[in-house]
Amino acid sequence: MILKNLSASLVASLVALPAFAENALVAMPAPAERPYPYEILGLQPGDPLNDVLAVYAERSDAAPTSESEVLRVQSPDGAVFEFTYQLFTRIGDVGINGRLAKVAQDQVTATLSSDVMEQRPMAIHRSIRQPSDQLPEPLALRAQIEETYGPPSRVEVNGREMTLTYAWSTEGFIADLDAIGPITHEEERTFSGRTSTSITEYELCGSASHYLNNVEYRFAYPRNKLNKPGCLATFTVSYRGDPGMTAINFSLVDYELGRQHMAELDRQIVEALTGKTVDASDMDL
C-alpha cells in the first residue's frame, strides 16, 4: 500500500517481508507522567510495554495477539529506511466471526508506539459484551465512573445508549465541552493561480477533516495536517443495552503522546534519508 506523499520527495510503503536489513530506531527519553487520572485496568498510555503484558498475563492464559507491519520509506535517489512496527497487542479477541455473531467478549487492546518510544501504548481500549444480568445498568455505571473521576466533560444519552466523555486540553481538564463552542479554522488554498480562504469549524478534542484524529502512525513528508492541536487526551465510556446483551466500551487515547511519537519518528526517518553517506555493498559481481 502506497501512503499519501504530499511532496513526492519521500515515498513510504507497507511490505509483507523486509527486503533490506532493518534500520535501528533510537529510543527517546521516557514520556513524562501523564497528568490525567484515567486508567483502564490500572494502565495508562505511556506505561512500559512490560506493564501491559503483565496485566494481560494476569487476566488471560492465552498468549496476546498482535499485528505488525514493515514500514519502508524510500527517497528519490534510492536511499531506503525500513523497520518493523508492531501496531497493537490484544487479549480476548473473538475474531471477526465472533464479533459478527455478537458473542460474549472482554477484549483489551493497546495501540503501540514504535521502538522510538519503546513500544509504549499511546491508546488503550477495552470492549466488553456480556449478558445484561452480568453487567451494571447505565445509571449504576455512570455513578461508579463519576465517583472515581468526577463529572464528565459531556454526557450523551440516547435511548439504550449512553456515552460519557472526559477530555483534557493542553491547559487542563475541560469541565464542559458544550460550553466551549466551535473553534474557527481558516486555511488559504490556491487553485489555478487564484487564492481563496476556506473557513471550517471544529470542536476541541473532536474530529475535524483538516486534522489527524488518531494516534496510529502513517508516514508523510512534509506533513500538512496536525494531530488534534490543543487536545491532550480523551477518556470515553460508551454503553449500549440490547435485549439480553449489553456492550460497554472504554477508550483512553493520549494525543500528546501520539504527537511526540510522530514527530520523533518522522525526524529519525527523514534524517536517515537525507545527506547520509552510504557504504558500498559487497555483492559478488
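Which residues have the most contacts inside the largest nonpolar core? In this predicted model, they are F81, F83, Y217, F219, L265 and I269, within a core of 30 residues.

**Figure 1. The largest nonpolar core of the predicted model, with 30 residues.** Four elements give two or more residues each to this core: strands β2 (65–74), β3 (80–91) and β5 (121–131), together with helix α5 (255–273). The most is given by α5, with eight residues. In soluble globular proteins, nonpolar side chains tend to be buried together.

**Figure 2. Surroundings of L265, one of the residues with the most contacts inside the largest core.** Leaving aside neighbours within four places in sequence, L265 is in contact with L25, F83, S114, V116 and Y217. Of these partners, F83 and Y217 are themselves listed among the residues with the most contacts inside the core.

**Figure 3. A second nonpolar core, separate from the largest one.** This second core has 29 residues, including Y36, L135, L141 and Y239.

**Figure 4. The salt bridge between R154 and D178.** The closest N and O atoms of R154 and D178 are 2.7 Å apart. R154 belongs to strand β6 (residues 154–158) and D178 to helix α4 (residues 177–180), so the pair ties together parts that are 24 residues apart in sequence. The two partners stand in contrasting surroundings: R154 counts as buried because its relative accessibility is 14%, under the 20% limit, whereas D178 is exposed, with a relative accessible area of 54%. The structure holds 17 salt bridges, and this pair is one of them.

**Figure 5. The salt bridge between E256 and R259 within helix α5.** The side chains of E256 and R259 meet at 2.7 Å, N to O. Both residues lie in α5, three residues apart, which is about one turn of the helix. E256 counts as partly exposed, at 23% relative accessibility, while R259 counts as buried, at 17%. Helix α5 is also the element that gives the most to the largest nonpolar core.

**Figure 6. The salt-bridge network of R160, E161, R240 and D242.** Salt bridges that share partners join these four residues into one network. Within the network, D242 forms a salt bridge with R240, and their closest N and O atoms are 3.2 Å apart. D242 counts as partly exposed, at 24% relative accessibility. R240 likewise counts as partly exposed, at 32%.

**Figure 7. The second largest cavity and the residues that line it.** The structure holds two cavities of 30 Å³ or more. About 40 Å³ of space lies in the second largest cavity. The lining of this cavity comprises Y202, E203, L204, C205, G206, Y211, N213, K228 and P229. Rolling a probe the size of a water molecule over the atoms shows where empty space is left.

**Figure 8. Segments with pLDDT below 50.** Over the chain, the mean pLDDT is 87, and 85% of the residues reach 70 or more. Residues 1–8 stay under 50, and the model has 22 contacts for them beyond four places in sequence. Residues 15–19 also have pLDDT below 50, and this stretch has seven contacts in the model beyond near neighbours in sequence. Where pLDDT is low, the predicted coordinates should not be read in detail.

Key: Residues numbered from 1 in each chain as written. Predicted model: local features only at pLDDT ≥ 70, side-chain atom pairs only at ≥ 80, totals over all residues. Heavy atoms only, no water. Core = buried A, V, L, I, M, F, W, Y, C linked by side-chain atoms within 4.5 Å. Buried < 20%, exposed > 50% of the residue type's maximum accessible area, 1.4 Å probe, protein only. Contact = heavy atoms within 4.5 Å. pLDDT = per-residue confidence, 0-100. 1 Å grid on protein atoms, 1.4 Å probe; cavity = no way out; pocket = protein on both sides within 12 Å on 5 of 7 lines; lining within 4 Å. Points joined across faces, edges and corners; volume = space filled by probe spheres on them.
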